[in-house]
Amino acid sequence: MSLEATEPPVEAIEQPVPWIVQHQRAQCSGASAMTTFQGLICDEIALPQGAAEHPDPAHLVLAADAWVDALIYQAHFLPGEFAQEALWSFYARDYLTQVSAGGHEQYFANRGGDEIALRCAGAGLKSMLADPHLELFNLLVRLKRAKPALARKIAAEHDYRSAKAALKDLDKRFAGIEEREPLTARHKTWLKSLRKVKIAPDAEMTGHLQRVAQTNPLFARRKM
(Lines give C-alpha, C1' and ligand atoms only; values in the text may rest on other atoms or scores of the structure.)
Protein backbone atom coordinates (compact mmCIF):
# COMPACT_ATOMS: atom_id res chain seq x y z
CA MET A 1 0.00 0.00 0.00
CA SER A 2 1.41 3.37 -0.97
CA LEU A 3 1.89 6.24 1.46
CA GLU A 4 -0.53 8.33 -0.58
CA ALA A 5 -3.26 5.78 -0.07
CA THR A 6 -2.92 5.80 3.70
CA GLU A 7 -2.95 9.57 4.21
CA PRO A 8 -6.40 11.09 4.82
CA PRO A 9 -7.47 13.83 2.42
CA VAL A 10 -6.91 17.34 3.74
CA GLU A 11 -10.61 18.11 3.77
CA ALA A 12 -11.24 15.13 6.09
CA ILE A 13 -9.00 16.50 8.84
CA GLU A 14 -11.23 18.41 11.26
CA GLN A 15 -9.97 21.04 13.66
CA PRO A 16 -10.91 20.53 17.32
CA VAL A 17 -13.89 22.55 18.46
CA PRO A 18 -12.81 25.18 21.04
CA TRP A 19 -14.13 24.59 24.56
CA ILE A 20 -15.93 27.95 24.62
CA VAL A 21 -17.89 26.96 21.49
CA GLN A 22 -18.89 23.62 23.00
CA HIS A 23 -19.90 25.36 26.22
CA GLN A 24 -22.03 27.98 24.49
CA ARG A 25 -23.75 25.43 22.29
CA ALA A 26 -24.77 23.56 25.42
CA GLN A 27 -25.76 26.64 27.45
CA CYS A 28 -27.58 28.81 24.92
CA SER A 29 -31.19 27.80 24.47
CA GLY A 30 -31.92 29.81 21.32
CA ALA A 31 -35.12 31.16 22.82
CA SER A 32 -34.12 34.77 22.09
CA ALA A 33 -31.51 36.73 20.19
CA MET A 34 -29.42 37.00 23.37
CA THR A 35 -29.54 33.24 23.96
CA THR A 36 -28.88 32.21 20.34
CA PHE A 37 -25.28 31.14 19.83
CA GLN A 38 -24.11 31.60 16.23
CA GLY A 39 -20.69 29.97 16.39
CA LEU A 40 -17.43 31.74 15.57
CA ILE A 41 -18.02 34.86 13.45
CA CYS A 42 -15.14 37.24 14.12
CA ASP A 43 -11.72 35.63 14.49
CA GLU A 44 -9.61 38.78 14.53
CA ILE A 45 -8.36 41.02 17.32
CA ALA A 46 -7.80 44.66 16.35
CA LEU A 47 -5.55 46.65 18.65
CA PRO A 48 -4.39 50.29 18.39
CA GLN A 49 -0.88 51.05 17.22
CA GLY A 50 -0.38 53.66 19.94
CA ALA A 51 -0.93 51.05 22.65
CA ALA A 52 1.29 48.52 20.87
CA GLU A 53 4.16 51.00 20.69
CA HIS A 54 3.75 52.44 24.19
CA PRO A 55 6.63 51.52 26.54
CA ASP A 56 4.18 50.59 29.30
CA PRO A 57 2.92 47.08 28.42
CA ALA A 58 -0.31 47.68 30.32
CA HIS A 59 -1.51 49.97 27.52
CA LEU A 60 -1.76 47.12 25.01
CA VAL A 61 -3.26 44.70 27.54
CA LEU A 62 -5.92 47.24 28.48
CA ALA A 63 -6.57 47.88 24.79
CA ALA A 64 -7.28 44.17 24.39
CA ASP A 65 -9.74 44.43 27.30
CA ALA A 66 -11.41 47.36 25.54
CA TRP A 67 -11.71 45.32 22.33
CA VAL A 68 -13.54 42.56 24.19
CA ASP A 69 -15.83 45.08 25.91
CA ALA A 70 -16.63 46.68 22.55
CA LEU A 71 -17.39 43.34 20.89
CA ILE A 72 -19.77 42.36 23.70
CA TYR A 73 -21.46 45.66 24.54
CA GLN A 74 -21.32 47.56 21.24
CA ALA A 75 -21.13 44.89 18.53
CA HIS A 76 -23.32 42.56 20.63
CA PHE A 77 -21.39 39.33 20.20
CA LEU A 78 -21.63 36.49 22.69
CA PRO A 79 -18.49 34.84 24.07
CA GLY A 80 -17.44 32.18 21.58
CA GLU A 81 -18.59 34.22 18.59
CA PHE A 82 -15.25 36.06 18.52
CA ALA A 83 -11.63 34.99 18.89
CA GLN A 84 -11.18 32.86 21.97
CA GLU A 85 -7.74 34.38 22.55
CA ALA A 86 -9.42 37.73 23.18
CA LEU A 87 -11.33 36.17 26.08
CA TRP A 88 -8.18 34.44 27.31
CA SER A 89 -6.49 37.83 27.41
CA PHE A 90 -9.45 39.50 29.12
CA TYR A 91 -9.79 36.93 31.90
CA ALA A 92 -6.06 36.49 32.47
CA ARG A 93 -5.89 40.25 33.06
CA ASP A 94 -8.99 39.96 35.26
CA TYR A 95 -7.22 37.36 37.42
CA LEU A 96 -4.16 39.57 37.79
CA THR A 97 -6.21 42.66 38.62
CA GLN A 98 -8.47 41.06 41.20
CA VAL A 99 -5.75 39.12 42.98
CA SER A 100 -3.53 42.20 43.10
CA ALA A 101 -6.36 44.20 44.65
CA GLY A 102 -7.97 41.74 47.03
CA GLY A 103 -6.21 38.40 46.93
CA HIS A 104 -7.17 34.94 45.72
CA GLU A 105 -10.11 34.67 48.11
CA GLN A 106 -11.71 37.76 46.55
CA TYR A 107 -11.00 36.51 43.06
CA PHE A 108 -12.68 33.18 43.64
CA ALA A 109 -15.60 34.77 45.45
CA ASN A 110 -16.24 36.84 42.32
CA ARG A 111 -15.36 34.30 39.64
CA GLY A 112 -15.72 30.87 41.20
CA GLY A 113 -19.14 30.33 39.67
CA ASP A 114 -18.19 31.65 36.24
CA GLU A 115 -16.92 28.72 34.20
CA ILE A 116 -16.04 30.90 31.21
CA ALA A 117 -13.94 33.23 33.38
CA LEU A 118 -12.05 30.37 35.04
CA ARG A 119 -11.45 28.32 31.91
CA CYS A 120 -10.38 31.34 29.86
CA ALA A 121 -8.08 32.69 32.56
CA GLY A 122 -6.34 29.34 32.82
CA ALA A 123 -6.09 28.99 29.05
CA GLY A 124 -4.64 32.47 28.75
CA LEU A 125 -1.98 31.92 31.41
CA LYS A 126 -1.08 28.59 29.80
CA SER A 127 -0.81 30.08 26.31
CA MET A 128 1.37 32.91 27.63
CA LEU A 129 3.69 30.31 29.20
CA ALA A 130 3.16 32.10 32.51
CA ASP A 131 3.83 28.87 34.40
CA PRO A 132 4.36 30.34 37.90
CA HIS A 133 1.07 32.25 37.72
CA LEU A 134 -0.71 29.25 36.22
CA GLU A 135 0.51 26.99 39.01
CA LEU A 136 -1.03 29.29 41.63
CA PHE A 137 -4.24 29.65 39.63
CA ASN A 138 -4.67 25.90 39.22
CA LEU A 139 -3.96 25.27 42.91
CA LEU A 140 -6.54 27.89 43.87
CA VAL A 141 -9.22 26.25 41.71
CA ARG A 142 -8.40 22.76 43.01
CA LEU A 143 -8.50 23.86 46.65
CA LYS A 144 -11.72 25.82 46.30
CA ARG A 145 -13.59 23.15 44.37
CA ALA A 146 -12.52 20.22 46.51
CA LYS A 147 -14.44 18.88 49.48
CA PRO A 148 -12.73 19.58 52.84
CA ALA A 149 -10.99 16.21 53.13
CA LEU A 150 -9.64 16.36 49.59
CA ALA A 151 -8.66 20.01 50.01
CA ARG A 152 -6.55 19.04 53.05
CA LYS A 153 -4.89 16.30 51.00
CA ILE A 154 -4.14 18.70 48.14
CA ALA A 155 -2.68 21.21 50.62
CA ALA A 156 -0.52 18.52 52.19
CA GLU A 157 0.80 17.52 48.77
CA HIS A 158 2.08 21.09 48.47
CA ASP A 159 3.61 21.06 51.99
CA TYR A 160 0.86 23.09 53.70
CA ARG A 161 -0.66 22.11 57.03
CA SER A 162 -4.15 23.03 55.88
CA ALA A 163 -6.15 24.30 52.94
CA LYS A 164 -6.57 27.63 54.74
CA ALA A 165 -2.80 27.99 55.11
CA ALA A 166 -2.31 27.14 51.44
CA LEU A 167 -4.84 29.74 50.31
CA LYS A 168 -3.27 32.39 52.53
CA ASP A 169 0.18 31.67 51.12
CA LEU A 170 -1.02 31.98 47.52
CA ASP A 171 -1.21 35.76 47.85
CA LYS A 172 2.34 35.96 49.21
CA ARG A 173 3.68 33.75 46.45
CA PHE A 174 1.76 35.75 43.86
CA ALA A 175 3.34 39.00 45.03
CA GLY A 176 6.79 37.45 44.78
CA ILE A 177 6.17 36.15 41.28
CA GLU A 178 4.86 39.53 40.14
CA GLU A 179 7.97 41.20 41.50
CA ARG A 180 10.27 38.81 39.64
CA GLU A 181 8.25 38.17 36.47
CA PRO A 182 5.46 40.73 35.96
CA LEU A 183 2.66 39.12 34.01
CA THR A 184 1.74 42.25 32.06
CA ALA A 185 5.04 42.38 30.14
CA ARG A 186 4.64 38.74 29.15
CA HIS A 187 1.00 39.40 28.29
CA LYS A 188 1.93 42.16 25.84
CA THR A 189 4.55 40.00 24.14
CA TRP A 190 2.00 37.20 23.78
CA LEU A 191 -0.63 39.49 22.28
CA LYS A 192 1.82 40.79 19.67
CA SER A 193 2.77 37.22 18.76
CA LEU A 194 -0.78 36.16 17.87
CA ARG A 195 -1.35 35.87 14.14
CA LYS A 196 -4.95 36.99 14.44
CA VAL A 197 -3.96 40.26 16.14
CA LYS A 198 -4.11 43.21 13.76
CA ILE A 199 -2.29 46.36 14.86
CA ALA A 200 -4.17 49.29 13.38
CA PRO A 201 -3.69 53.07 13.44
CA ASP A 202 -5.57 54.52 16.40
CA ALA A 203 -7.82 56.59 14.15
CA GLU A 204 -9.01 53.44 12.35
CA MET A 205 -10.15 51.50 15.42
CA THR A 206 -13.73 52.77 15.31
CA GLY A 207 -13.96 51.71 11.67
CA HIS A 208 -12.69 48.22 12.50
CA LEU A 209 -15.31 47.84 15.22
CA GLN A 210 -18.09 49.03 12.94
CA ARG A 211 -16.98 46.64 10.20
CA VAL A 212 -16.89 43.71 12.61
CA ALA A 213 -20.28 44.65 14.08
CA GLN A 214 -21.79 44.44 10.60
CA THR A 215 -20.77 40.78 10.38
CA ASN A 216 -23.05 39.93 13.33
CA PRO A 217 -26.36 38.70 11.84
CA LEU A 218 -28.15 39.29 15.15
CA PHE A 219 -26.70 42.76 15.77
CA ALA A 220 -29.96 44.66 15.33
CA ARG A 221 -32.08 42.25 17.35
CA ARG A 222 -29.59 42.08 20.20
CA LYS A 223 -29.22 45.85 20.25
CA MET A 224 -32.97 46.18 20.70
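**A tour from Asp-94 to the nonpolar core**

Select Asp-94 to start: at a relative accessible area of 12%, this residue counts as buried, because the cut-off for buried is under 20%. Bear in mind that the model is predicted.

Now colour residues 84–111. This is helix α5, and Asp-94 sits in it. Show side chains next. Which side chain does the side chain of Asp-94 make a polar contact with? Pick Arg-111: the two side chains make that contact at 2.9 Å. Then add Tyr-107. Setting aside neighbours within four places in sequence, Asp-94 is in contact with Tyr-107 and Arg-111.

Move to residues 45–48, strand β1. Are its residues buried or exposed? Both faces are covered. Ile-45 and Leu-47 lie on one side, Ala-46 and Pro-48 on the other, and all are buried.

Add residues 197–200. This is strand β2, which runs parallel to β1 and is joined to it by four bridges. For one pairing, select Ala-46 and Lys-198: Lys-198 is the bridge partner of Ala-46 in β2.

Next, select Trp-67. Beyond its neighbours within four places in sequence, its contacts include three β1 residues, Ile-45, Ala-46 and Leu-47. Glu-44, Met-205, Leu-209 and Val-212 are also in contact with Trp-67.

Last, add Phe-137. Trp-67 and Phe-137 touch the most other members of the largest nonpolar core, which has 70 residues. Which element gives the most to this core? Go back to α5: this helix supplies eleven residues. The tour ends on the helix that holds Asp-94.

How values were computed. Residues numbered from 1 in each chain as written. Predicted model: local features only at pLDDT ≥ 70, side-chain atom pairs only at ≥ 80, totals over all residues. Heavy atoms only, no water. Helix = DSSP H or I, 4+ residues; strand = E, 2+ residues; numbered from the N terminus. Buried < 20%, exposed > 50% of the residue type's maximum accessible area, 1.4 Å probe, protein only. Polar contact = N/O pair within 3.5 Å; in protein donor to acceptor, adjacent residues only side chain to side chain. Contact = heavy atoms within 4.5 Å. Pairing = 2+ DSSP bridges. Core = buried A, V, L, I, M, F, W, Y, C linked by side-chain atoms within 4.5 Å.
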